[in-house]
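Hi everyone, thanks for making time. I'd like to walk you through one structure today, going strand by strand and helix by helix. Here it is on the screen.

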Amino acid sequence: MKKLEIIIKPEKLEAVKGVLNDCGITGLMITNIMGYGNQKGHTQMYRGTVFMVNLLPKIKVETVVPTELSDEIVNKILEVIPREDETMGGGKIFIYDVEDAIRIRTGEKGPSAL
């Protein structure tokens with residue numbers, strides 16, 4: 001099993017959820033987070049004063065999937081989230097190995113617990 005941790009701009013959430021639903025993924029967690037990547041934020045002007053906004057709103061989508069589906073899901077996400085500009089981030093995908101999963105209600109283990 002693999003855990004996918006997908007960091008995206010908030011406006012890309014529906015596209016990522018669509019990919020996960022199309023692939024038959026039944027569970028996910030979504031968290032509102034703040035952060036920055038290579039661009040280190042941006043400057044804004046408020047009432048004539050320029051200030052640096054270096055923590056930008058992001059969404060973290062987490063899901064655990066069968067190993068055989070992880071590459072397919074990642075490739076589909078890369079298709080639906082266009083790489084707009086080489087310097088501005090579309091996000092990141094982190095992939096972790098999951099040793100085991102247990103469904104508390106039934107005691108099922110492994111991929112059947114997903």
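Let's start with one pair of residues: Ile 8 has Ile 59, in β5, as its bridge partner. Before going on, please keep in mind that this is a predicted model. That pair belongs to a longer ladder, since β1 and β5 run antiparallel and are joined by 7 bridges. β1 also pairs with β6, again in the antiparallel sense, over 6 bridges. In that second ladder, Lys 3 stands opposite Tyr 96 of β6.

So how many residues of β1 are buried? It is 6 of the 7, so β1 is largely enclosed by the rest of the structure.

Now let me step back to the whole chain. The protein chain has 2 helices and 6 strands, and along the sequence they come in the order β-α-β-β-β-β-α-β. Of its 114 residues, 30% are buried. If you take contacts between residues at least 6 apart in sequence, 70% of them join residues at least 24 apart. For those of you who like surfaces, the accessible area is about 7,700 Å², and carbon and sulfur atoms account for 53% of it.

Next, the core. The largest nonpolar core has 16 residues, and the members touching the most other members are Ile 6, Ile 8, Val 16, Val 61, Ile 73 and Ile 77. At least two residues each come from β1, α1, β5 and α2. Which element gives the most? That is α1, with 4 residues.

Ile 6 is a good place to look around. Leaving out residues up to four places away in sequence, its contacts include Val 16, Val 61 and Ile 77. Ile 6 also touches Ile 59, Lys 60, Lys 92 and Ile 93.

On to the helices, with α1 up front. Its buried residues are Leu 13, Val 16, Val 19 and Leu 20. Looking down the axis of α1, these fall within an arc of 130°, so they line one face of the helix. As a reminder, an α-helix has 3.6 residues a turn, so residues three or four places apart point the same way. On the face of α1 turned away from the buried side sit the exposed residues Glu 14, Asn 21 and Asp 22. The cover over the buried residues of α1 includes β1, β2, β5 and α2. After α1 comes Gly 24, with a positive phi near 85°.

Now α2, with a quick geometry check. At 1.5 Å a residue, its 14 residues should span 20 Å, and the end C-alpha atoms are 21 Å apart, which agrees. Ser 70, Ile 73, Val 74 and Ile 77 are the buried residues here. They cover an arc of only 100° around the axis, which puts them on the same side of α2. Glu 68, Asp 71 and Glu 79 are exposed on the face turned away from that side. Among the elements covering the buried residues of α2 are β1, α1, β5 and β6.

One last stop, past β6: Val 98 lies in the segment that follows that strand. Which residues does Val 98 contact, beyond its neighbours within four places in sequence? They are Met 1, Lys 2, Lys 3 and Val 64. Val 98 and Val 65 are 33 residues apart along the chain, with their C-alpha atoms separated by 9.2 Å.

That's my tour, and I'm happy to go back to any part of it.

Technical notes
Residues numbered from 1 in each chain as written. Predicted model: local features only at pLDDT ≥ 70, side-chain atom pairs only at ≥ 80, totals over all residues. Heavy atoms only, no water. Buried < 20%, exposed > 50% of the residue type's maximum accessible area, 1.4 Å probe, protein only. Contact = heavy atoms within 4.5 Å. Areas by Shrake-Rupley, 256 points an atom, 1.4 Å probe, with all protein chains shown as cover. Core = buried A, V, L, I, M, F, W, Y, C linked by side-chain atoms within 4.5 Å. Expected span 1.5 Å × (residues − 1). Arc of directions from axis to C-beta. Pairing = 2+ DSSP bridges.
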